[in-house]
Amino acid sequence: MSAASAAPRPARPRRRRRLDASLIVGIALVAVIVIGAVLLATIGRNFFSAGNIRDILTGMSVLGFVAIGQTLVILCASLDLSVPYVVSLSSLIAADIMAGNPANIPMAVLVVLVVAALIGLANGLIVSKLKVNGFIATLGTGLIIKGYLDTNYQGTSGSVPWDFQLIGATGVGPIPVSTLLMLFVALLAALFLARTRTGHRIYAVGGDEQVARLSGIRTARPVIVAHVLCSISAALAGLLLASRLGVGSPTVGTQGGYDLLSIAAVVLGGTLLMGGRGSIWGTIGGVAIFAVVDNVMSVLQVNPFLKDVVRGVVIVAAVAVYTSRQVDRRRPRFGPRGSVSQATDAPGGSDSTGTGRPGETSSDREEVRA
Amino acid sequence: MSDQTNPGASGATGTATAEPVLVASGLEKSFFGVTVLRGVGLELRAGEVHGLVGENGAGKSTFMKILAGVYERDAGTVRLGGADVDFHHPVEAAQAGLATVFQEFNLLPERSVAENVFLGREPRKGGFVDRKGMVRRTRELLDELGIDFIDADAPVRSLTVAEQQIVEIVKGLSTDARVIQMDEPTAALADHEVELLYSIIRRLQERGVAILYVSHRLREIFDLCDTITVLKDGALVSTDPAADLDTDELVRRMVGRPIEAYYPDAEPGTELGEPRLELRGAGNDYVDAVDLEVRAGEIVGIAGLQGSGRTELVEAVFGVAPFTRGSMRLDGREVRVTGARQAVRAGLALITEDRKAQGLALNQSIADNALLVIRSVFSRRTGAVRRELPGVLTSLEVASQGVDQEVQYLSGGNQQKVVLAKWLATKPRVVLLDEPTRGIDVGAKVAVYRLMRRLAKEGVAILMISSELPEVIGMSDRILVMHDGRASAELPARSDEATILAAATGTLRVGGTDVADLGGAS
């Protein structure tokens with residue numbers, strides 16, 4: 001009898017996938033570009049000129065690096081507020097070690113990456129082993145680095161040789177090398193998430209630590225790896241800034257506001273702030289939206305305070321859109337005026353509930369009720 | 001990966017005559033000086049479904065968790081396939097061929113079915129996760145169970161509870177389990193979904209898998225199990241072939257005394273009064289054209305499949321997702337309830353289906369929980385209710401260490417009683433109960449039933465949703481059956497299961513064969 005009742009269940013049609021978050025980001029990006037292009041056209045400027053495209057892409061690269069790392073950390077339900085200080089520290093270490101001599105470049109890059117990795121390791125250990133909330137843990141390590149910077153540096157320091165400055169200054173056509181590097185790192189991060197066990201476990205730990213643990217996952221490891229990679233990507237941003245400035249600066253990170261902006265870009269890209277869902281490409285989309293909005297407002301010579309207002313509105317609106325999409329888990333079964341209550345139900349009227357139960361047509365129901 | 005080499009798979013006779021796959025003996029366990037398991041043992045054979053029953057607190061879950069490696073045992077031995085084993089983690093047990101489907105799902109809603117099945121042991125190819133292979137293998141496992149309606153690529157969030165349950169089972173199978181333990185696998189399922197689980201269990205049985213099955217639903221135990229072991233107060237009462245037992249005998253062994261009136265009759269002096277709750281053509285986005293009347297002193301049962309709009313109906317009455325069409329009257333007065341606060345003031349109480357998520361603040365005390373609604377809506381009465389609280393808890397037979405104990409340490413049945421105490425304090429005139437006895441033991445169930453009868457006698461109108469048909473039939477003065485968002489039938493008290501099921505599945509019209517099939521299956 002069990003077989004009889006199980007057998008006639010029809011093959012369920014492939015469920016309609018919910019609109020992918022990164023797709024929405026893409027649509028929003030296109031919309032922002034169209035609006036921006038129209039606005040610039042009204043003052044006789046071409047949004048798509050090579051120079052303007054280069055400006056936008058240049059604007060993306062530094063925040064892009066930081067946001068890639070931030071995505072990994074947020075996916076495992078942590079947060080990194082120490083990134084602006086890591087950015088500043090990296091620029092200083094790089095410029096000091098290089099000291100204007102191209103021969104020192106490899107050593108400088110290596111030291112910067114190792115120092116960043118150690119900071120990330122500390123963050124990861126504090127979050128996963130000492131169970132300190134990521135917000136607080138990285139606020140603490142950030143302040144420690146800030147104290148070190150404030151004590152030891154009064155202003156810019158070191159000198160970056162021309163060879164290294166080229167990274168921030170050259171491009172392939174209208175595309176800056178720095179943006180290409182950033183996109184390459186994004187590709188690596190996306191592959192890491194999709195194709196490595198650690199990547200999968202970052203999602204698992206962020207989604208539900210208890211479930212991850214009961215599935216035999218050592219839950220500390222993905223968190224530590226994510227924090228190390230986050231600090232390293234912030235260090236890459238610091239190296240890029242040093243290359244652009246030609247010197248190291250103790251305030252370049254905080255001036256950029258990379259802590260909150262990177263978090264905003266990640267959330268704008270559809271990643272859940274509580275972890276477990278999201279993607280690198282969504283984040284890149286979020287970064288691009290910020291870059292386009294900034295660019296359009298700069299060209300229009302909008303008051304800089306209004307810029308922040310617009311950024312704020314974009315962030316809040318984006319999250320409100322995602323949240324509203326999460327609420328409609330239950331799809332309405334009946335329209336505003338109920339189902340058609342006339343004698344003859346129109347076929348395919350209001351009864352498509354998507355549950356695909358057998359023998360479920362509107363006429364069936366009428367007969368039951370009769 | 002040991003594949004198909006285990007003895008169970010080859011001897012797929014379905015009869016339980018082979019050597020035992022698993023032998024547990026003399027298992028003991030105590031927590032903080034309290035002994036919860038004293039010398040319990042049992043044997044599982046290939047192809048056998050072994051029922052494990054007992055009241056909450058009898059030690060069933062502890063027993064399973066020791067086998068699964070969640071808890072360390074204090075004493076005793078476990079032999080799996082002839083070798084002594086001592087697992088320290090559920091994953092270790094699963095890899096050795098002993099999988100457990102826990103009551104709480106261990107799934108990540110945002111990840112796909114395949115990613116969940118292979119969580120923590122993702123297959124790799126050339127150093128990278130083999131996503132295609134993962135999906136392919138998951139499909140094969142689903143096919144083996146005859147499941148063709150779950151997409152291995154779909155996110156788990158998009159699945160029904162029953163489908164998620166199947167994913168849990170597939171997870172167990174993916175490690176080539178010879179023994180699968182299931183803790184209350186049907187607690188969240190509606191009757192037709194239970195049938196699906198039955199067919200899966202029978203398939204596993206044919207493949208020679210031994211199944212340890214824990215359930216509070218005795219009908220399932222008799223439907224499925226070859227052997228039944230009864231635990232009481234952490235000790236073994238008996239192990240017998242199911243054929244030698246009947247429900248009354250089983251209940252007697254579980255509680256140590258016969259429950260003469262499992263579903264108590266109406267208390268003498270209960271009278272049907274004026275209609276307290278009336279719905280006329282009421283509807284919103286989720287339910288439509290509902291006509292319903294519940295009178296003072298009346299218990300109306302709502303039957304229907306999961307997703308048929310039962311919960312949505314009571315939520316609409318309570319103003320969670322208010323009615324947008326038709327009329328609703330309380331005590332003859334037309335009302336428009338648009339929020340929970342207003343509902344409470346109007347004399348409504350809603351005991352929700354998911355008490356842990358919606359009914360209780362688990363890390364707060366019994367008193368804080370019981371006073372929650374009173375404090376926020378009728379704050380002036382807080383003091384009086386607080387003084388009465390110990391008496392109320394005693395009358396509900398809540399077993400606790402006092403009103404300051406955190407509710408997370410109570411058993412499911414006692415937690416539910418705290419939820420009831422919380423709502424009784426508001427002196428409701430209409431009580432809406434959504435699955436009031438889900439996952440609680442027999443003793444607590446009877447306490448809930450008695451309470452319902454007592455409230456009815458006091459003139460309260462009661463609307464009760466239940467997925468357990470015997471409960472609907474045993475308690476209701478009238479039965480409303482929901483199907484696809486509408487009331488498909490209103491049936492008198494003591495209607496038979498076949499009629500209710502037919503109305504619930506929308507096959508009432510067929511009459512002959514379909515109804516007979518459904519009836520026979522239940």
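Here's a quick briefing on two helix features in chain A and one sheet in chain B. This is a predicted model, where local features need pLDDT of at least 70, side-chain atom pairs count only at pLDDT 80 or more, and totals for chains, interfaces and linings use all residues. Residues are numbered from 1 along each chain as its sequence is written, with chains lettered from A and ligands numbered from 1 in the order in which they are written.

**Helices in chain A**
- Helices here are DSSP runs of H or I with at least four residues, strands are E runs of at least two, and both are numbered from the N terminus.
- The axes (lines fitted to C-alpha atoms, for helices over the stretch in contact; angles run from 0 to 180 degrees between N-to-C directions) of α5(A), residues 105-128, and α11(A), residues 220-245, come within 7 Å and cross at roughly 145 degrees.
- α14(A) covers residues 280-299, and its end C-alpha atoms sit 29 Å apart, which agrees with the 28 Å expected at 1.5 Å a residue; that expected span is 1.5 Å times one less than the number of residues.
- Just past α14(A), A:Q301 has a positive phi of about 55 degrees.

**The sheet in chain B**
- Six strands make an open, mixed sheet in the order β6-β9-β10-β3-β11-β12; strands pair if DSSP finds at least two bridges between them.
- β6 (98-101) and β12 (235-241) of chain B are the edges, each with a single partner strand, so one side of each has no neighbour in the sheet.
- β11(B), residues 227-232, runs antiparallel to β12(B), joined by six bridges.
- B:L231 is opposite B:L236 in β12(B).
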